[in-house]
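Q: I'd like a close look at one part of this model, picked for how it sits relative to everything around it. Walk me through that part in detail, then carry on outward into the rest of the structure.

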Amino acid sequence: MHCPFCQHQDTRVIDSRVSDDGATIRRRRVCEACGERFSTIETIELKLPVIIKGDGRREAFDARKLRAGFDRALQKRPVSEEQIESAVRAVVHQLRMTAERELASRRVGEFVMAELRKLDHVGYVRFASVYRSFEDVADFREELDRLERDIPGEGQLPLLGDDEPRPDKKKR
């Protein structure tokens with residue numbers, strides 16, 4: 001590896017550490033010529049499928065777009081960065097496991113919705129409203145009914161109504 005400071009061609013690894021998720025290795029290096037130290041990060045490079053958009057265009061998969069979609073759906077929701085990163089990794093893993101060279105963006109959306117459904121119901125409905133192009137309130141109601149019917153009492157707050165009175169609200 002070339003030194004980023006003096007461009008010398010010979011650098012030496014002085015420390016290597018595997019990340020917590022095991023997906024990257026951080027290497028501490030020193031330049032044999034100038035003595036400067038710097039870090040590199042190694043990741044596995046796997047070919048992910050090309051995404052076929054709704055209009056037929058083909059795009060290389062972009063994990064930043066995937067993360068941005070999760071961030072928009074989960075904005076101001078009580079979901080940690082670690083949970084979001086885990087969900088992104090799960091979707092990328094599913095893409096790798098398809099072993100297909102090309103994949104419709106609709107399938108990617110389904111993978112995202114499955115992960116959002118596990119994380120946060122409000123984030124799920126936000127994403128679904130855009131993904132499925134909800135036209136009116138009836139579409140929202142239908143999706144909420146389906147969601148509550150499919151996964152009752154999973155530890156998240158109810159989407160609609162108060163099943164139990166909250167202690168901070170007084171009855172009138």
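**A close look at α4**

A: Eight of the eleven residues of α4 are buried, so this helix is largely enclosed by the rest of the structure. Keep in mind that the model is predicted. The buried set runs through His121, Gly123, Tyr124, Val125, Phe127, Ala128, Ser129 and Tyr131. To put that in context, 28% of the protein's 172 residues count as buried. There's also a polar contact to look at where α4 begins: a side-chain oxygen of aspartate 120 comes within 3.4 Å of the backbone nitrogen of valine 122.

Now for where α4 fits in the chain. The protein has five helices and six strands, and from the N terminus on they run β-β-β-β-β-α-α-β-α-α-α.

Moving outward, a good next stop is the largest pocket, which holds about 700 Å³ of space. Its lining is made of 23 residues, and the closest to the pocket centre are Lys53, Lys65, Arg72, Ser105 and Phe127. Phe127 is a name you've already met, as one of the buried residues of α4. Three elements each give two or more residues to this lining: α1 (63–73), α3 (105–119) and α4 (121–131). The top contributor is α1, which supplies seven residues. By chemistry, the lining of the largest pocket splits into twelve nonpolar, four polar and seven charged residues.

The second largest pocket has about 570 Å³ of space. It has 19 lining residues, with Ala23, Thr43, Ile44, Val92 and Arg96 nearest the centre. Here the elements giving two or more residues are α1 and α2 (81–98), and α2 gives the most, with six. The lining of this second pocket breaks down into eight nonpolar, four polar and seven charged residues.

There's a short strand worth a stop as well. Leucine 103 is found in β6, which covers residues 102–104. Anything under 20% relative accessible area counts as buried, and leucine 103 is buried because its value is 2%. Along the chain, leucine 103 and isoleucine 52 are 51 residues apart, yet their C-alpha atoms are separated by 5.9 Å.

That leaves the sheet. Three strands make up an open sheet, ordered β1-β2-β3, with antiparallel pairing. The edges are β1 (11–18) and β3 (37–43), each of which pairs on one side only. On average, neighbouring strands in this sheet are turned by 25° against each other, direction ignored.

Take the β1 side to begin with. β1 pairs with β2 (residues 24–31) in the antiparallel sense over seven bridges. If you want to trace the register, threonine 11 has cysteine 31 in β2 as its bridge partner, while aspartate 15 stands opposite arginine 28, also in β2. The hairpin of β1 and β2 has five residues between the strands, and glycine 22 takes a positive phi near 75° there.

On the other side, β2 and β3 are antiparallel too, again over seven bridges. Arginine 27 stands opposite threonine 40 in β3, and valine 30 is the bridge partner of arginine 37 in β3. This pair of strands is a hairpin as well, with five residues between β2 and β3, and glycine 35 in the turn has a positive phi of about 80°. When you look at how side chains are placed along all this, a general rule helps: in a regular strand they alternate between the two faces of the sheet.

Back to the starting point, then: α4 is the helix with eight of its eleven residues buried, and it shares the lining of the largest pocket with α1 and α3, among others.

Terms used. Residues numbered from 1 in each chain as written. Predicted model: local features only at pLDDT ≥ 70, side-chain atom pairs only at ≥ 80, totals over all residues. Heavy atoms only, no water. Pairing = 2+ DSSP bridges. Helix = DSSP H or I, 4+ residues; strand = E, 2+ residues; numbered from the N terminus. Axes fitted to C-alpha atoms, helices over the stretch in contact; angles between N-to-C directions. 1 Å grid on protein atoms, 1.4 Å probe; cavity = no way out; pocket = protein on both sides within 12 Å on 5 of 7 lines; lining within 4 Å. Points joined across faces, edges and corners; volume = space filled by probe spheres on them. Nonpolar A, V, L, I, M, F, W, Y, C, P; charged D, E, K, R; others polar. Buried < 20%, exposed > 50% of the residue type's maximum accessible area, 1.4 Å probe, protein only. Polar contact = N/O pair within 3.5 Å; in protein donor to acceptor, adjacent residues only side chain to side chain.
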